[in-house]
Amino acid sequence: MDILQRLARFLDRPNFPWKNLIVGFSVGQYLFESFLSLRQYKVLQQKKPPKALEGEVSQEVFDKSQAYGRAKAKFGFLSSLYGQMQNIGFIYYDILPKLWGLTGLWLTRYAPAQYSGEIIHTLIFFFTFNIITTLLNSPISYYSTFVLEEKFGFNKQTVKLWLTDLLKGQALMVVFGAPLLSGFLAIVQKTGNSFFYYLWMFGVGVQVFAITIYPIAILPLFNKLSPLKEGPLKTGVEGLAKRLQFPLKELYVIDGSKRSAHSNAYFYGLPWKKHIVIYDTLIEKSETEEVVAVLSHELGHWSLSHTTKLFGIAQFHMFYLFALFSVFINNRSLYQSFGFHKEFPIIIGFILFSDALAPMDTIVKLLMNILSRKYEFQADEFAVKLGYSKELAKSLIKLQIQNLSTMDADWLYASYHFSHPILPERLGALGWYGDEKVADGKKMDGEKLIKAADREL
C-alpha cells in the first residue's frame, strides 16, 4: 500500500508530457503491429502450401485461402489506420474534456437537481461516447460483413439482422452497463485508497453473475439454443462426458448459420453444472466421430484445468490492474495533460490509465498467447490419449479447408497474434501423416464454405 502511494507521488509531476507519451505508446504499438502484418502478408503471397499440407489440400483450395488471407490483411491495414487516426484525433482535439463538458451542460439544463453528481454525469458521458464510437466504427463493421465476408461466401446476415444486433447491443449496454458502471464508481468513491481490493471482489462477482446470466438472458436475444436430438451424436457426446466425469447438464445446438457459416463448439456453466453447445454448421459438415473428437479436445481443457487456471490468471490480472489504477487515479498532471484542469472524473482517469498501460498490455497479450498455444497442444494430446487422433486430425483439416483459414504463418506474427498453433504444427503433434485427401477443389465447389470463429477448437 505504501509502495503504491509513493509510486503515485513519484509519477504525479507537474508539466510532465503525458499526452505525448501516450500518443507515442499508441503510435509505437500501431507501427509494431503493422510491421508484423507486413511479415504475415509476405507469407500470404506464397504459391505452394506447407509440406505438411501438400497431401491434404489441393492447389485450388490453397489459392483461395491465400486470397482470403490477403483480403483480410489489406482490410486490417486500412481498419487499423482508421482506428489509429481516430485515437490521435480524439487526443489532439481534446474530445474527452469537450464531451465531458457538453454532457455536464446537458445534465445542468435538462435533468432535475436530484440527478446531479459524478455517477449520473459519468453514465451520460459514457453512453454518449459509446454511441459516437459505435457510429464511427459502423462503416468498418458493415464493410467487413457485407463486402469482405460476402465476397468469399461466408456472410449470412441481412442488413436488417445486422442493424437489429447493433441496437440490441446498445440496449444491453444500457441495461447492464448502467448498474455495473454505477457500482464501479460508488466503490471507488466510498472505499478510499484501498478501493482496488473492493473493486476486485466486485469484478469477481460480476464474472460469476455473467457466467450464470449470459446463457439465460443474453444469448437467446441473438441465437436460438435447441436440445440436441436423440441419435448417435448425442449418445457419443454423453458417453464421452460420462467417461470423463464431466458434469454435463444439457446438450444444445445453436443456430450459428443464422449469421455466419462459421462453426465451433464450446461449454459453459458453473463447476457442478455444465452445458455443451455445438454449432449447427459443425454438425452439418462433419462426421459424428469428428464432432465427438472436437469435443474431446474441448473437454480436455476442462479435464486439464485449463479453464480454471485461465480464470485464476484473469483474476490476478484484474487485481494488479486495479492496484495500478490506484496509482493514477489522483494524478493531476495526467488529467491536466488531457485538458481536465478543474474536474478529475474517475472514468476519465481509468480511460487515460488504460492508454498509459498499452506497452504492458502488449507484453501480457504475447505471454497469454504463448500459454494458450501450449494449452491447445495439451488438449490435442488429451484427445489422442482418448483414441481420437485420426478423427481430430481429419476434423481440423476439414475446418481449415472449409474456413479458408491461414495455412501458414510468420513465426513472429503468430507468436504475437495467435492463441492457437497453426495447422501444420498441430498435425505434426498429432502424428498425422495422412491417408487420403479430406477435400479437393472440385468437391469444395459444391459446398458452402464455413468461416471459423476466432478461437475455434
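Trainee: How much area does the chain expose, and what share do carbon and sulfur atoms supply?

Mentor: Accessible area here comes from the Shrake-Rupley method with a 1.4 Å probe; for residues, only the protein chains shown count as cover. The chain exposes about 23300 Å², and carbon and sulfur atoms supply 63% of it. This is a predicted model: local features need pLDDT of at least 70, side-chain atom pairs count only at pLDDT 80 or more, and totals for chains, interfaces and linings use all residues. Residues are numbered from 1 along each chain as its sequence is written, and side-chain values use heavy atoms, leaving out hydrogens and water.

Trainee: How many helices and strands are there in the chain?

Mentor: Both are DSSP runs, numbered from the N terminus: helices are H or I, at least four residues, and strands are E, at least two. The chain has 18 helices and 4 strands. Its radius of gyration is 24 Å, close to the 23 Å that the globule rule gives for 457 residues, so the chain is as compact as a globular protein of that length. That radius is taken over C-alpha atoms, and the rule is 2.2 Å times the number of residues to the power 0.38.

Trainee: What does the C-alpha trace span along its principal axes?

Mentor: About 70 × 50 × 45 Å. For two points within it, take A113 and I283: they are 170 residues apart in sequence and 57 Å apart in space, C-alpha to C-alpha. A113 lies in the loop between α4 (95-110) and α5 (118-151).

Trainee: Is A113 buried or exposed?

Mentor: Buried means under 20% relative accessible area, exposed over 50%, and partly exposed in between (1.4 Å probe, protein chains only). A113 is exposed, at 64%. S65, in helix α3 (residues 59-92), is buried, at 1%. Buried residues make up 46% of the 457 in the chain.

Trainee: Which residues does S65 touch, not counting those up to four places away in sequence?

Mentor: A contact means heavy atoms within 4.5 Å. S65 touches L404, S405, T406 and M407. Across the chain, among contacts between residues at least 6 apart in sequence, 80% join residues at least 24 apart.

Trainee: How many aromatic pairs does the count come to?

Mentor: Rings of Phe, Tyr and Trp (its six-membered ring) pair if their centres lie within 6.5 Å; planes under 30 degrees apart are stacked, over 60 edge-to-face, the rest tilted. The count is 34. F325 and F350 form an edge-to-face pair, 5.0 Å centre to centre, with 85° between the planes. F325 lies in helix α11 (residues 306-328) and F350 in helix α13 (residues 346-356), so the pair ties together parts 25 residues apart in sequence. F325 is buried, at 0%, whereas F350 is partly exposed, at 24%.
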